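I opened my notebook to get to know a structure I had not looked at before. Here is the model I had in front of me.

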Amino acid sequence: MPIVDSSGTRIFWNESGAGDPILLIMGLGYAHQMWFRTRPVLDAKFTTIAFDNRGVGASDVPPGPYPIAQMAADAAAVMSAAGVDRAHVYGVSMGGMIAQQFALDFPDRVNKLILGCTASGGPNAVRATDEVMKVLMARATMTPDEGAEAMVPYIYDASTPRARIDEDLTIRRSVYPTEQGYTAQLQGILAWTSFDRLGEIKAPTLVIHGETDELVPPGNGRLIASRIPGAKLVMIPHASHLYTTDQPEMSDEAILDFLK
C-alpha cells in the first residue's frame, strides 16, 4: 500500500492510467474512492495520482485542526513520492481550496489548475442559505447514513436519477470519516481564505461549478474566476455540488477540453 510520511502523518496515495500526471484532491470527509466517476475518463489520457487527505480513508487521523496549508503540503509530499515534479492539479470542494493553496505555495509544481465546486473562504465567500447551514449543523446529532441522506437535496440536482445518487452513497458508506477527522478538516476550512492572494495564481486555471449548487453557491465560482488572471469559468446546468454525478459527460468534456 503506497504511503508517504508528511510531517509525521501517514498519507495513503495511489496512481493509475498513463500519460501526463494529474493530481486529484478530494473534498471534505471524502476518500479518494469518490473519484470513481471521473478517474477512469482521465486515466485514458493521463496518469492520475489520488490520495486520502489526512483524517479520512487509509490516511492517519492525527489531532486537529488540519490547516489547508498543511493539507497542500501533504499533496506535495504525495507528488514527490510518485516521482512527479510538476502536474496538473484538480481539486473539488475542500480539495479545490487545497488546490488553490498548492498553486500559491508550490507554483512551479503546477501545470494547469482545475478548481471544482469550491470557494475562496473568508468573509467574501458566498454563503449557503440558513436552511443548508441548519442541516449541516444538525448532522452532528445524526448517524452517518442519516447525515448523508439529509444532504442529498443540497448537493445533487433535482433532475439526477436516484439510482445514480445511490451509487455515490454506496461508495461513500464504505469510507465514512471518523468524527475527529471530519471536524479537523472542517476547522481547517473555516480558518482559511485565499481571497486576497488569488491574483498571484499564474497557472492556467479552469473554474467549474454547478449552477444549482446549494452547499457552495455558484457565486463562489464566479468570484474565484474573476480574481485569477485569465481563468476560464464553466458553469454546468442541471448540476449541483456533485456535478460529476449530476452531469458526468458534460463536466468530463469541459475538463478534457481544458487539459488538451
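My entries below go from the whole chain down to single residues.

**Entry 1: the whole chain**

I noted before anything else that this is a predicted model. I looked up the secondary structure, and the protein chain has 10 helices and 8 strands. Next I checked the radius of gyration: it is 17 Å, close to the 18 Å that the globule rule gives for 260 residues, so the chain is as compact as a globular protein of that length. Along the principal axes, the C-alpha trace spans about 40 × 40 × 35 Å.

How much of the chain is buried? I found that buried residues make up 57% of the 260 residues. I also looked at contacts with a separation of 6 or more, and 76% of them are accounted for by residues 24 or more positions apart.

Then I turned to the outside. The chain exposes about 10800 Å², and carbon and sulfur atoms supply 55% of that area. For the charges, I noted 21 positive and 30 negative ones, with mean positions 4 Å apart.

**Entry 2: helix H3**

I picked helix H3, which covers residues 94-105. H3 has 12 residues and reaches 16 Å from its first C-alpha to its last, close to the 16 Å expected at 1.5 Å a residue. Is H3 enclosed or open to the outside? I counted 11 of its 12 residues as buried, so H3 is largely enclosed by the rest of the structure. Among the buried residues are Met94, Ile98, Phe102 and Leu104.

What do these buried residues pack against? My list has strands E3 (20-25), E5 (87-92) and E6 (110-116), together with helices H2 (68-81), H7 (179-190) and H8 (219-227).

Within H3 I looked up Gln100. Its relative accessible area is 0%, so Gln100 is buried. Leaving aside neighbours within four places in sequence, Gln100 is in contact with several residues, including Leu115, Thr118, Trp192, Leu198 and Ile224.

Just before the helix I stopped at Ser93, in the loop between E5 and H3. With a relative accessibility of 15%, under the 20% cut-off, Ser93 counts as buried. Beyond the neighbours within four places in sequence, Ser93 is in contact with Gly27, Gly116, Cys117, Thr118 and His241.

**Entry 3: strands E7 and E8**

I then went to strand E7 (residues 205-210) and looked up Val207 there. Val207 counts as buried, at 1% relative accessibility. Not counting neighbours within four places in sequence, Val207 is in contact with Leu115, Gly221, Ile224, Ala225, Lys232, Leu233 and Val234. I also checked Val207 against Arg222: they are 15 residues apart in sequence, and their C-alpha atoms are 8.0 Å apart in space.

In strand E8 (residues 232-236) I chose Ile236. Ile236 is buried, with a relative accessible area of 1%. Its C-alpha is separated by 4.7 Å from that of Gly210, though the two residues are 26 apart along the chain. Besides Gly210, the contacts of Ile236 outside its neighbours within four places include Ile208, His209, Gln247 and Met250.

Between H8 and E8 there is a loop, and I found Pro229 in it. Pro229 touches Leu198, Gly199 and Ile201, not counting residues up to four places away in sequence. I compared its position with Lys260: the two are 31 residues apart along the chain, with their C-alpha atoms separated by 20 Å.

**Entry 4: backbone details**

I finished with some backbone angles. Most residues other than glycine have a negative phi, and most peptide bonds are trans.

Which residues does a cis peptide bond join? I found Gly64 and Pro65, with omega at about -5°. Pro65 is in the loop between strand E4 (46-51) and H2.

I also noted a positive phi near 55° at Ser7, which is not a glycine. Ser7 is in the loop between strand E1 (3-6) and strand E2 (9-17). Is Ser7 buried or exposed? Its relative accessible area is 59%, so I wrote it down as exposed.

His238 also went into my notes, with a positive phi near 55° in a residue other than glycine. His238 is in the loop between E8 and helix H9 (243-246).

How values were computed: Residues numbered from 1 in each chain as written. Predicted model: local features only at pLDDT ≥ 70, side-chain atom pairs only at ≥ 80, totals over all residues. Heavy atoms only, no water. Helix = DSSP H or I, 4+ residues; strand = E, 2+ residues; numbered from the N terminus. Rg over C-alpha atoms; globule rule 2.2 N^0.38 Å. Buried < 20%, exposed > 50% of the residue type's maximum accessible area, 1.4 Å probe, protein only. Contact = heavy atoms within 4.5 Å. Areas by Shrake-Rupley, 256 points an atom, 1.4 Å probe, with all protein chains shown as cover. Lys, Arg positive; Asp, Glu negative; His and termini not counted. Charge placed at Lys NZ, Arg CZ, Asp CG, Glu CD. Expected span 1.5 Å × (residues − 1).
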